[in-house]
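Here are my notes after a first pass through this one. Have it open while you read, and tell me where you disagree.

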Amino acid sequence: QEYTALKMQVKEWSESAQKKLDGKLPTDAKTYFIPATLRPETMYGQTSCFVGPSLEYGIFQINSEYFVCSVRAARNMAFQGTFPKWGEFPQVATVTGKDVVGTLVDAPLSIHKDGVRILPMETVKDTKGTAVVTCVPSDSPDDYITSLDLAKKAEYYQIQKEWVRFDDILPIISTPQFGDLTAKKLVEDLKIQSPKDAKKLEEAKEKAYKEGFYKGTMIYGDFKGKKVEEAKNLVRKQLIDAGLAFPYAEPDGKVISRSG
Ligand code: ZZB
């Protein structure tokens, strides 16, 4: 899997993260949450960024910068030239997802120029990507239903409702079958009630990917009017050229041994 790893710079840590990280990072450190995405063309619609609340995250040093992601992802990056020394991924701190909820981060290309919040998503997997997931409720059914749930039960999740930024979702891609807000349409059509409706969400994701990629047209951003198939790589290149993203590949899970 070839992902785009996005650099979301920390603007202000949550209180609990500040306590945990005290003395572990230089005070002026540039630190980034690193979500892995397959949909760089949707980055205009980012409204928050998810971590698994009970998952463990490392903070890794890359020259004068620091990345927040799973240890597993950092190890993979160390064999893809992301770190200065091949195979090494120096870890300066460890936090749990819960510690960093509420942190304000910059979201490259997003209409939310003042930044977005780190929020909890129970279904984030440690075994895929970087275990950081940027939230695009217009085009990802998982993100749509999780945002809805977080906004409804803000108190239970110990977050502020305003952090979800779910009031008026920005339409960025139009498709013949699902209109301008693919995720909302699919969640409603398939009667998805909760982020735990795993089977229906898988089906919704497949449909959203297919329709979005093959039939989608950009209706927002620098490549407005272009097909998604074409815009995807243009947005990706734009982000990478600006130093706001880098390629991240997931090793094929089926390969067990290289020695044979
Ligand atoms: C932004 C985005 C916008 C995404 C969208 C999807 C969609 P896949 O196909 O199963 O590999 N993701 C990445 N890592 C994780 C993780 N560890 N746990 C849970 N979800 C994760 O899924 C890749 C997509 O799943 C990634 O692309 C990321 O969300 C999320 F409009 O980034 B995406 C129809 C999907 N639309």
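**Notes on the model**

1. Let me start in a loop: Q158 sits in the stretch between α4 and β12. Its phi is positive, about 55 degrees, although Q158 is not a glycine. Is Q158 buried or exposed? Exposed, because only 12 or fewer neighbours are allowed for that label, and Q158 has 12 C-beta neighbours inside 10 Å.

2. K191 is another one to look at. This residue belongs to the loop between α5 and α6, and here too phi is positive, about 55 degrees, in a residue that is not a glycine. K191 counts as exposed, with 8 other C-beta atoms within 10 Å. For a glycine with positive phi, go to G243, which follows α7 and has a value near 75 degrees.

3. On confidence: this is a predicted model, with a mean pLDDT of 96 for the protein chain. Of the chain's residues, 97% reach 70 or more. The overall scores are ipTM 0.98 and pTM 0.96.

4. Now the ligand. There are 18 residues around the ligand, and those that come nearest are T37, G129, D139, S140 and A208. By type, the shell splits into eight nonpolar, five polar and five charged residues. Which elements supply at least two shell residues each? They are β4 (36-37), β11 (132-135) and α6 (198-215). The biggest share comes from α6, which gives three residues.

5. That makes α6 worth a closer look. This helix has 18 residues and spans 25 Å from first C-alpha to last, close to the 26 Å expected at 1.5 Å a residue. Its buried residues include L201, A204, A208 and G212. These four cover an arc of only 60 degrees around the axis, which puts them on the same side of α6. The general rule is familiar: with 3.6 residues a turn, residues three or four places apart in an α-helix point the same way. Note that A208 turns up twice, as one of the residues nearest the ligand and as a buried residue of α6.

6. What does the buried side of α6 pack against? The partners are α4 (141-152), β12 (173-174), α5 (182-189) and α7 (228-241). The other side of α6 carries K199, E202, E206 and Y214, which are exposed.

7. Helix α7 can be read in the same way. It has 14 residues and reaches 19 Å between its end C-alpha atoms, close to the 20 Å expected at 1.5 Å a residue. Buried here are V228, A231, K232, V235 and L239. Down the axis of α7 they fall within an arc of 110 degrees, so they line one face of the helix. Do check K232, a lysine listed among these buried residues. Facing away from the buried side are the exposed residues N233 and D241. The cover over the buried residues of α7 includes β1 (2-6), β12, α6, β13 (217-218) and β14 (245-249).

8. Last, T146, in helix α4. T146 is buried, with 26 other C-beta atoms within 10 Å. Which residues does T146 contact, leaving aside neighbours within four places in sequence? They are F50, M121 and P195. T146 and C135 lie eleven residues apart in sequence, and their C-alpha atoms are 9.2 Å apart in space.

Terms used
Residues are numbered from 1 along each chain as its sequence is written. This is a predicted model: local features need pLDDT of at least 70, side-chain atom pairs count only at pLDDT 80 or more; totals for chains, interfaces and linings use all residues. A residue is near a molecule or strand if its C-beta atom, placed from the backbone, lies within 6 Å of it. Ala, Val, Leu, Ile, Met, Phe, Trp, Tyr, Cys and Pro count as nonpolar, Asp, Glu, Lys and Arg as charged, and the others, Gly among them, as polar. The expected span of a helix is 1.5 Å times one less than its number of residues. A residue is buried if 20 or more other C-beta atoms lie within 10 Å of its own, exposed if 12 or fewer, and partly exposed in between; C-beta atoms are placed from the backbone. The arc is that of the directions from the helix axis to the C-beta atoms. Two residues are in contact if their C-beta atoms, placed from the backbone, lie within 7 Å. pLDDT is the predictor's confidence in each residue, from 0 to 100.
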